[in-house]
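Q: Please go through the labels used for this structure and explain what each of them rests on.

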There are 2 protein chains.
Amino acid sequence: MAKESTKATLLEAGRQIFLERGYNNAGIEAVLQAASIPKGSFYYYFDSKEDFGLQVLDRFAECFRTDLDQFLNDSTLSPLNRLRRYVENRLERLRSQECRKGCLIGNLSQEMADQSEAFRARLTQIFKSASERIAQCLAEAQQAGEIPASLNVQELAEFWLNSWQGAILRAKTIRSIAPLETFQKIMFQLVLEK
Amino acid sequence: MAKESTKATLLEAGRQIFLERGYNNAGIEAVLQAASIPKGSFYYYFDSKEDFGLQVLDRFAECFRTDLDQFLNDSTLSPLNRLRRYVENRLERLRSQECRKGCLIGNLSQEMADQSEAFRARLTQIFKSASERIAQCLAEAQQAGEIPASLNVQELAEFWLNSWQGAILRAKTIRSIAPLETFQKIMFQLVLEK
């Protein structure tokens, strides 16, 4: 297997295992086994488990950002409908995985924020960037007259992102998409209503 | 030390350590050491680490519920002001711990929902009970004419609880109470406004 491909396989196995078991509870051996990569090669690709974990997170964040941009840049829809479609899409994804696993960004925030400054700094940046992107779309919705001009889009974007993480956490706990549907309903009907 | 007191000391040490390190990452030895209890006595009090973890959670949930009731049963305030005071109080508590640790209910939901049916069942029940208590207070606010009669208080209570968990998660990540203040502002000014 080519070097880059081996590395990508390890990162993908890490994503799966971190989502299933968390970071601390996932051994490097389990990652190597899941990726069918011989032991001993891990440290050829990564300096440490933390280096590996951060690269898994970066890769996840990149996919997350690509997805977000894909929906929020869709000029065939109004800004508010882009956000609606994005939430519907996420909801379907979580339904398809029976609400298990959750979101790696939320999971690692919960688990690692107090334990690793490197994780905390990276997660802070990921949230900030997503929040800015959502605020931008909300500002466009405001310009299009879809939501009240009086709303503070930066604050709303923050609330949106955090509440969504809370909804995922609860969906995972009760293994039902009901919390995501409640988020959807209240955000669009009460918070953003004209 | 009397038996009940030893057990309580172990449960309190467990609460602290689970809040700091998570459940999987906390060894029983560390709990015994923090509690200054000799090794070997753990299995006299608990059947297993899971049994211990569930009892730590039950004890935390009991305190959480007592606090919630204390605020929401305060008949010297209007129902909506009871909720306001409760949020202010939580916010101050999280500020005093520099937004570290978070909430054990949210932390264990994130970490254990996919890994232990026993934890998942207990957490589901804790959330349900808190949600019902908040819904009851919102219904009282509705009867008092403080919030619109059109609001679905059960859904709102769910959204409230989940969004608050998301705000705690984010506060822990950025180590700032800003997400809690945003929750407070948007919940009271946009979602519940008359």
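A: In this predicted model, contact means heavy atoms within 4.5 Å. By that criterion Leu169(A), Arg170(A), Lys172(A), Thr173(A) and Ile174(A) in H8(A) meet Arg120(B), Leu123(B), Thr124(B), Phe127(B) and Lys128(B) in H7(B). The residues of this contact divide into four nonpolar, two polar and four charged.

Q: Why is H8(A) called oblique to H7(B)?

A: The axes of helix H8 (residues 153-174) of chain A and helix H7 (residues 117-143) of chain B come within 8 Å and cross at roughly 125°. Angles of 65 to 115 degrees count as roughly perpendicular and those over 145 as roughly antiparallel, so a crossing at roughly 125° belongs to neither class and H8(A) is oblique to H7(B).

Q: What makes Arg82(A) count as buried?

A: Buried means under 20% relative accessible area, and Arg82(A), at 9% relative accessibility, therefore counts as buried. Arg82(A) is found in helix H5 (residues 79-96) of chain A, and a polar atom of its side chain lies 3.3 Å from the backbone oxygen of Leu72(A).

Q: Why is the pair of Trp160(B) and Phe183(B) called edge-to-face?

A: Ring planes over 60 degrees apart count as edge-to-face, and the planes of Trp160(B) and Phe183(B) lie at 85°, with the ring centres 5.5 Å apart, so the pair is edge-to-face. The pair links distant parts of the chain, with Trp160(B) in helix H8 (residues 153-174) of chain B and Phe183(B) in helix H9 (residues 178-191) of chain B, 23 residues apart. Both Trp160(B) and Phe183(B) are buried.

Notes
Residues numbered from 1 in each chain as written. Chains lettered and ligands numbered in written order. Predicted model: local features only at pLDDT ≥ 70, side-chain atom pairs only at ≥ 80, totals over all residues. Heavy atoms only, no water. Axes fitted to C-alpha atoms, helices over the stretch in contact; angles between N-to-C directions. Helix = DSSP H or I, 4+ residues; strand = E, 2+ residues; numbered from the N terminus. Parallel < 35°, antiparallel > 145°, perpendicular 65-115°, else oblique. Nonpolar A, V, L, I, M, F, W, Y, C, P; charged D, E, K, R; others polar. Buried < 20%, exposed > 50% of the residue type's maximum accessible area, 1.4 Å probe, protein only. Polar contact = N/O pair within 3.5 Å; in protein donor to acceptor, adjacent residues only side chain to side chain. Phe/Tyr/Trp six-rings, centres within 6.5 Å; stacked < 30°, edge-to-face > 60°.
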